[in-house]
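Open the structure in your viewer and keep the selection tool at hand. We will go from stop to stop, and at each one you will hear what to select and what is there.

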Amino acid sequence: MRIIKDFINKFLKNSSDDQPWLSYYNKEDNTIKITDKCIYEYMVSCVGQDTDLIALNYFGNRMSYGEMFDKIDNAAKALRSIGVKEGDVVTICLPNTPEALICFYAINKIGAVADMIHPLSGGTEIKYYLQQSKSRVLVLVDFAYEKVQEHLDDTLVHKTIMVSPKDSMPKGLAIGYALTKGLKIKKPKFNDSDFMTWGSFLFKGMTYSKTYKSNMKSEDLAVILHSGGTTGKPKGIMLSNRNFNAECQQAELVLPTIKPKEKIMTILPNFHGFGLCVSMHTPLCLRMEVILVPQFDAKRFHRDIQKYKPNALVGVPTLWEAMLSNKKFEDVDLSDLRYMVSGGDTMTLGMEEKINNFLHTHGTNISITKGYGMTEVCAAASFTFEGTNEPGSIGIPMIGTDIKICKVDTTEELPFGEEGEICISGPTVMMGYFNNPEETEKMIKKHDDGKKWVHTGDLGYITPDGIIYFTQRLKRMIITSGFNVYPAQIEQVIEQHEDVAKCCVVGIPHPYKMEVPKAFIVLKEGVKESSKLKKEIKELCKENLAVYSVPKDYEFRDNLPKTLMNKVDFKALEREEREKAEAKKDYEKKVEDM
């Protein structure tokens, strides 16, 4: 296949010396035209007349595309009825439930902006996001109410729509949820007009009779996703309709054999670009059935696979680790699986080999495909598919996207084979950081070619064949279960404690999350370490950070290692922790061999 394409391209000049990856695409693919529709309109146009197909599956409750469109239309009217106008920001703070997607498309339909927040974020972190985006309406999962309620008066939010995970569950399951978890959840007072249930919200839509038309354009802001900050402050990533749809159209080209009616299990969360765009919007545009998983449960993962028999799985390495380590997967038949896509973090060659062996011994001849990207480019910028899925590689640029390697801290392009910073240009590059031009200028730079390039902070190289390899992260960042965790943000929170003089956070090895944060803390002179103090610091982190950013361990020290420039040597701490982990492995192996 590759030899034939190379021969054709050599004579038809379908490729160029500086973009050798084009030889892997068909000539028609290279002329991809990004739609000028908004996100909602593009999805509806892709579905066309096939509205009887199943769109969403939530614990066995299945919703057709036609039913979903009706609910989106009703939610759009309801948003208008409570005063949401074109350009307003509406925040969604929900797990993967049908209500999350219905609200997302309804917001886009009326020309408003969807601001996506992790429901397990800390209360003050959610307040910061709401203040940053100037959000007027909040769609909130009920179990997050208690930590958010005290902060809402400090924001511009005038109406909060309460959603329960049970709202779209089958009746029996919903009753079970209400009698167990539901009883423990604190709720707003019945007569509090600032809050409304999902049911009363939808009723507003049914009684709204005014006409409206959105003038939203392809280049307009459509979605705000959030990223931790290297300087301690989280940033809002602005994505346009064009960014979002371009990622979808690119993904359609590298998943050519997906057919309508096929099923994808969507485990990645909706506040994550990889989850919202690649695992939800793209499969809906492909007329697939999206099986929504609001909370991943490693213990029942094998049962879900057996029950739903998905044709596609998209996840992070943590998910595959759970699959490999679960003995109950031994008898699971994966013959229905035709795509398994990994992103969000890198995999070792050994792990990639284990996953492929696992797939081949469980009824399918596919190999895992890998994607690479970041929220600042919507999700995936490169992908591995037939002919490019080299072990250890992150594939080739998505069609329409350009990737080059630059000398660190410069715009100077390096030749093939040389390691440098991975830089990305193309239709998925974000509009910028919300109300943060300084950080935007640091991330997006204009090169001599006149294009805008995202400087990823990751190191890698490109082979003469156009295949890209990631080597290491340049910036301080921990990736845990596919989520980006920024040490500076955690350090800033811990150093708010009156007894803390200095803090340094590093990533330490974890058996299936890959890495988790650990905090090294120096106390102020005269302050002694105590369990009470440790508990206070933990509570401070829980209140101010997303659950995955809360340190796994806290260690008090008299001082922290320093570099020759008298800066905290976080790399020395990382080395210490790696050596400890290796020593523990060696000891456990010796004990096992006795």
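The tour below goes through sheets, a hairpin, salt bridges and a surface patch. Please keep in mind that this is a predicted model.

**Stop 1: the nine-stranded sheet**

Start by selecting β2, β1, β11, β10, β12, β13, β14, β15 and β16, in that order. These nine strands form an open sheet with mixed pairing. Which strands stand at the edges? They are β2 (61-64) and β16 (396-397); each has a single partner strand, so one side of each is left without a neighbour in the sheet.

Now zoom in on β2 and its partner β1, residues 54-58. The two pair in the antiparallel sense over four bridges. To see one bridge, select Tyr58 and look for its partner in β2, which is Asn61. Then add helix α4, residues 98-109, to the view. Helix α4 lies across β1, β2 and β11 (289-292), and it runs at about 140° to β1.

**Stop 2: the three-stranded sheet**

Next, select β25, β26 and β27. They make up an open sheet of three strands in that order, again with mixed pairing. The edge positions belong to β25 (500-510) and β27 (553-556): each has a single partner strand, so one side of each has no neighbour in the sheet. Turn the view to look along the sheet, and you can follow a twist that averages 25° from one strand to the next.

Strand β26 (residues 514-523) pairs with β27 in the parallel sense, over four bridges. Select Ile521 to find one such spot: its bridge partner in β27 is Phe556.

Two helices are worth adding here. Helix α16 (residues 487-494) packs on the sheet and touches β25, β26 and β27; its direction makes about 140° with that of β25. Helix α17, residues 531-544, lies across β25, β26 and β27, running at about 135° to β27.

**Stop 3: a hairpin**

Select residues 452-462 for strand β21 and residues 468-473 for strand β22. They pair in the antiparallel sense over five bridges. One pair to pick out is Gly460 with its bridge partner Phe470 in β22. How many residues lie between the strands of this hairpin? There are five, and in the hairpin Gly466 takes a positive phi near 95°.

**Stop 4: salt bridges**

A search of the whole structure finds 21 salt bridges. Let us visit a few.

Begin with Arg300 and Asp304, whose side chains meet in a salt bridge of 3.0 Å, N to O. Arg300 counts as partly exposed because its relative accessibility is 32%. Asp304 counts as buried, at 11% relative accessibility.

Move on to Asp402 and Lys451, where the N to O distance is 3.4 Å. This pair links distant parts of the chain: Asp402 is in strand β17 (residues 402-406), Lys451 is in the loop between β20 (444-446) and β21, and they are 49 residues apart. Is Asp402 buried or exposed? At 12% relative accessibility, Asp402 counts as buried. Lys451 has 35% relative accessibility and counts as partly exposed.

Now select Lys580 and Glu577. They form a salt bridge in which the closest N and O atoms are 3.3 Å apart. Both residues lie in helix α18 (residues 570-593), three residues apart, which is about one turn of the helix. Lys580 is partly exposed at 41% relative accessibility, while Glu577 is buried at 7%.

Keep these two selected and add Lys518, Asp553, Glu555, Arg557 and Glu576. Together with Glu577 and Lys580, they are linked in a network of salt bridges.

**Stop 5: out on the surface**

Switch to a surface view and select Leu120, Phe143 and Val547. These residues form a nonpolar patch with about 250 Å² of accessible area together. Leu120 sits in the loop between β4 (113-116) and α5 (123-133), and it counts as partly exposed because its relative accessibility is 41%.

For the last selection, pick Asp36, in the loop between α1 (2-12) and α2 (39-47). Asp36 is exposed, with a relative accessible area of 61%. Add Ala501 and draw a distance between the two C-alpha atoms: they are separated by 53 Å, and the residues are 465 apart along the chain.

Methods
Residues numbered from 1 in each chain as written. Predicted model: local features only at pLDDT ≥ 70, side-chain atom pairs only at ≥ 80, totals over all residues. Heavy atoms only, no water. Buried < 20%, exposed > 50% of the residue type's maximum accessible area, 1.4 Å probe, protein only. Pairing = 2+ DSSP bridges. Axes fitted to C-alpha atoms, helices over the stretch in contact; angles between N-to-C directions. Contact = heavy atoms within 4.5 Å. Patch = residues over 30% accessible without salt bridge, like charges linked within 9 Å, V, L, I, M, F, W, Y side chains within 5 Å. Areas by Shrake-Rupley, 256 points an atom, 1.4 Å probe, with all protein chains shown as cover. Salt bridge = Lys/Arg side-chain N within 4 Å of Asp/Glu carboxyl O.
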